[in-house]
Amino acid sequence: MGLKNGDYGEANVIKTALVNFLLDTNGAELIINELPFLSCKRAADLAAIKDGNLIGFEIKSKVDNLRTMLAQIADYQKIFNSVYLVYSHKFINSIEIKHIPKAVGLIMVDDANGLILKRKAISKISLDKSAMISVLWRKDLEKLVKQNRNLDFEQLKEMVTRQCTIKRIQKQIAFSLYERYGEGYELLLKEKGQRVIIEDLSYITSTKKHLVAF
């Protein structure tokens, strides 16, 4: 999913501010823009890895609505240790914001696109194995079960679910994401100026090759 214009402009401004915040605070060892999960049915607006933990950020800019937000957040919580909702100040009094689970962190975007941490996320270790596996490719699953028999993709996923702990799957996810996105992230750090700008997001954005499970 590449960068787009129009309605996505507001979200990209917020993403840029968020990336700069993570870099300034040493809050991430890897940052990914538009990370697909749940077999590409969802995409995290921004994802990060810190100390082996997965952090997901769902962004709601002032041009968005909140109709699907709670369902999106519920899916994030299946695979990310920590989840943050980053929302425009436009929604400060919205009923939906008040119903966000207490474990989800809240970051409000002010008029000047500054970020205000309203609530820190509570990290969780109890995740959904099936959802976590949806991030992995065939070769990743084969590494987890240490075999390469003639099993189809669904059989491999079933074997990993049965044999592997959440901790082991999470470790493989972190390793696999570094393999896929690490080079782009290093380029971002190398090529950016004093601050990350919207154009720099392309270095850490998913491409078609990242969407294929093989």
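Let me start with helix α7, residues 166–191, in this predicted model. Its 26 residues, at 1.5 Å a residue, should span 38 Å, and the end C-alpha atoms lie 36 Å apart, which agrees. The helix nevertheless carries a kink of about 55°, centred on Y181.

Beside that position in the numbering we find G182, also in helix α7. Is G182 buried or exposed? Its relative accessible area is 13%, so G182 counts as buried, the cut-off for that class being under 20%. Setting aside residues up to four places away in sequence, G182 touches L30 and L177. A further long-range relation involves E29: 153 residues separate E29 from G182 in sequence, yet their C-alpha atoms are 9.3 Å apart in space.

L177 brings me to the nonpolar core. The largest such core has 65 residues, and the members touching the most others are F57, F80, L85, I169 and L177. Which element gives the largest share of this core? That is α7, with 7 residues. As a general remark, nonpolar side chains in soluble globular proteins tend to be buried together.

I169 deserves a closer look. Beyond its neighbours within four places in sequence, I169 contacts K129, M132, I133, L136, L144, V160 and C164. The last of these, C164, has a relative accessibility of 1% and therefore counts as buried. C40, by contrast, is partly exposed, because its relative accessibility is 40%, and that class lies between 20% and 50%. As to disulfides, the count in this model comes to 0.

I turn now to the strands, with β5, residues 105–109, as the centre of attention. How many of the residues of β5 are buried? The count is 5 of 5, so the strand is mostly covered. G105, I107 and V109 point one way, while L106 and M108 point the other way, and all are buried.

β5 has two pairing partners to mention here. With strand β4, residues 82–88, β5 pairs in the parallel sense over 5 bridges, and I107 of β5 stands opposite V86. With strand β6, residues 115–119, the arrangement is antiparallel, and 4 bridges join the two strands. Within that pairing, L106 has R119 of β6 as its bridge partner.

Finally, the connection. β5 and β6 form a hairpin with 5 residues between them. In the turn, N113 has a positive phi of about 65°.

Key:
Residues are numbered from 1 along each chain as its sequence is written. This is a predicted model: local features need pLDDT of at least 70, side-chain atom pairs count only at pLDDT 80 or more; totals for chains, interfaces and linings use all residues. Side-chain values use heavy atoms; hydrogens and water are left out. The expected span of a helix is 1.5 Å times one less than its number of residues. The bend at a residue is the angle between axes fitted to the seven residues ending there and the seven starting there. A nonpolar core is a set of buried Ala, Val, Leu, Ile, Met, Phe, Trp, Tyr and Cys residues joined through side-chain atoms within 4.5 Å. Buried means under 20% relative accessible area, exposed over 50%, partly exposed in between (1.4 Å probe, protein chains only). Contact means heavy atoms within 4.5 Å. A disulfide is a pair of cysteine sulfur atoms within 2.5 Å. Two strands pair if DSSP finds at least two bridges between them.
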